[in-house]
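Biologist: I'd like to learn how to read a fold like this one. Could you walk me through it, feature by feature?

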Amino acid sequence: QETAGGSSMLAAFTEDPCGKDAGSNDPAELLFNGDLIDPSAPGMILATSLSPDGGSLIFERGDLRHFDLWVMSLSGEHKASHLFEESDITRTFPQISPDGSRLVFQSTRSGQYELWLSDRQGGSARPLTRSAIYKSPARWSPDSRRLTFTTRVDGRSDVWTLDIDGL
């Protein structure tokens, strides 16, 4: 959410997001304010994916023209950095696999939004899809072996599953 000063926050609520009074003992916790990332370059923080061990967070950050993926350690000083070296490519909707080893996301690297797969650190990124058809953000199966996503063509939505075991 964008704040009045132009910086972003992972969670900014006028009241407790769990519906309890401020100061109560609830599980909601503000992890960080967007100013910790790069105060000189304000942007929105949108989709997030928490690692299964809870040690890191991958998130989408940018403005209405461009978004990229960032990673932040949740231990120590909460330092954030770009997940990928080339930052002029839009990447969105990160999802860390349940086993914590891989990451699926959308990218415009090929000129249109496609689903991409990489290791959790962003290495060995490769496209999983290649078509002009809109694809929704993918979701992992609990065993990290398959992905599901939807496509939309001529007003019809289809649900797809993609076996990525061995990729």
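Modeller: Gladly! Keep in mind that this is a predicted model. Let's start in the middle of things: S7 and strand S8 (residues 126-127) pair in the antiparallel sense over 2 bridges. Across that pairing, Trp116 stands opposite Pro127 in S8.

Biologist: What lies between S7 and S8 in their hairpin?

Modeller: There are 6 residues between the two strands, and Gly122 among the hairpin's features takes a positive phi near 90°. On the other flank, S6 and S7 run antiparallel and are joined by 6 bridges, with Gln106 opposite Leu115 in S7. S6 and S7 also form a hairpin with 6 residues between them, where Gly111 in the turn has a positive phi of about 105°.

Biologist: In what order do the strands of this sheet come?

Modeller: The order is S5-S6-S7-S8, an open sheet of 4 strands with antiparallel pairing. S5 and S8 stand at the edges with a single partner strand each, so one side of each has no neighbour in the sheet. S5 pairs with S6 over 4 bridges, again antiparallel, and the bridge partner of Gln95 in S6 is Val104.

Biologist: Which strands make up the other open sheet, the one with S1 in it?

Modeller: That sheet also has 4 strands, in the order S1-S2-S3-S4, with antiparallel pairing. Strand S1 (44-50) and strand S4 (80-82) are at its edges; each has a single partner strand, so one side of each is left without a neighbour in the sheet. On average, neighbouring strands here are turned by 30° against each other, direction ignored. Inside the sheet, 7 bridges join S2 to strand S3 (residues 67-73), and these two run antiparallel. One bridge there links Gly62 with its partner Phe67 in S3.

Biologist: How many helices and strands does the chain have?

Modeller: The count is 0 helices and 12 strands. Of the 167 residues, 40% count as buried. For contacts between residues at least 6 apart in sequence, 32% join residues at least 24 apart.

Biologist: Now the interior. How should I think about a core, and which residues form the largest nonpolar one?

Modeller: As a general idea, nonpolar side chains in soluble globular proteins tend to be buried together. Here the largest nonpolar core has 9 residues: Val104, Leu115, Leu117, Leu128, Ala138, Trp140, Leu147, Phe149 and Ile164. Strand S7 (114-119) and strand S11 (146-153) each supply at least two residues of this core. A second, separate core of 8 residues includes Ile58, Leu69, Leu83 and Ile96. Returning to S7, that strand is mostly covered, as 5 of its 6 residues are buried. Setting aside residues up to four places away in sequence, Leu115 touches Phe105, Gln106, Arg126, Pro127, Leu128, Thr129, Lys135, Ser136, Ala138 and Phe149.

Biologist: What about charged residues: does Glu60 sit buried or exposed?

Modeller: Glu60, which lies in strand S2 (residues 56-62), is buried yet has no salt bridge. The nearest side chain of opposite charge, Arg139, is 9.3 Å away, while a salt bridge needs the charged atoms within 4 Å. Beyond its neighbours within four places in sequence, Glu60 is in contact with residues including Met44, Leu46, Phe67, Leu69, Arg91 and Phe93.

Biologist: Where is Gly100, and which residues does Gly100 contact?

Modeller: Gly100 lies in the loop between strand S5 (91-96) and strand S6 (102-107). With a relative accessible area of 12%, Gly100 is buried. Leaving aside neighbours within four places in sequence, Gly100 is in contact with Pro52 and Arg120. The C-alpha atoms of Gly100 and Arg120 are separated by 7.0 Å, although the two are 20 residues apart along the chain.

Biologist: And how do I read a positive phi outside glycine?

Modeller: Most residues other than glycine have a negative phi, which makes the exceptions worth a look. Ser124 has phi near 55°; its place is in the loop between S7 and S8, and Ser124 is exposed, with a relative accessible area of 57%. Asp154 has a positive phi of about 50°. Asp154 sits in the loop between S11 and strand S12 (156-163) and is exposed, at 80% relative accessible area.

How values were computed
Residues are numbered from 1 along each chain as its sequence is written. This is a predicted model: local features need pLDDT of at least 70, side-chain atom pairs count only at pLDDT 80 or more; totals for chains, interfaces and linings use all residues. Side-chain values use heavy atoms; hydrogens and water are left out. A nonpolar core is a set of buried Ala, Val, Leu, Ile, Met, Phe, Trp, Tyr and Cys residues joined through side-chain atoms within 4.5 Å. Buried means under 20% relative accessible area, exposed over 50%, partly exposed in between (1.4 Å probe, protein chains only). Contact means heavy atoms within 4.5 Å. Lys and Arg count as positive and Asp and Glu as negative; His and the chain ends are not counted. Two strands pair if DSSP finds at least two bridges between them. Axes are lines fitted to C-alpha atoms, for helices over the stretch in contact, and angles run from 0 to 180 degrees between N-to-C directions.
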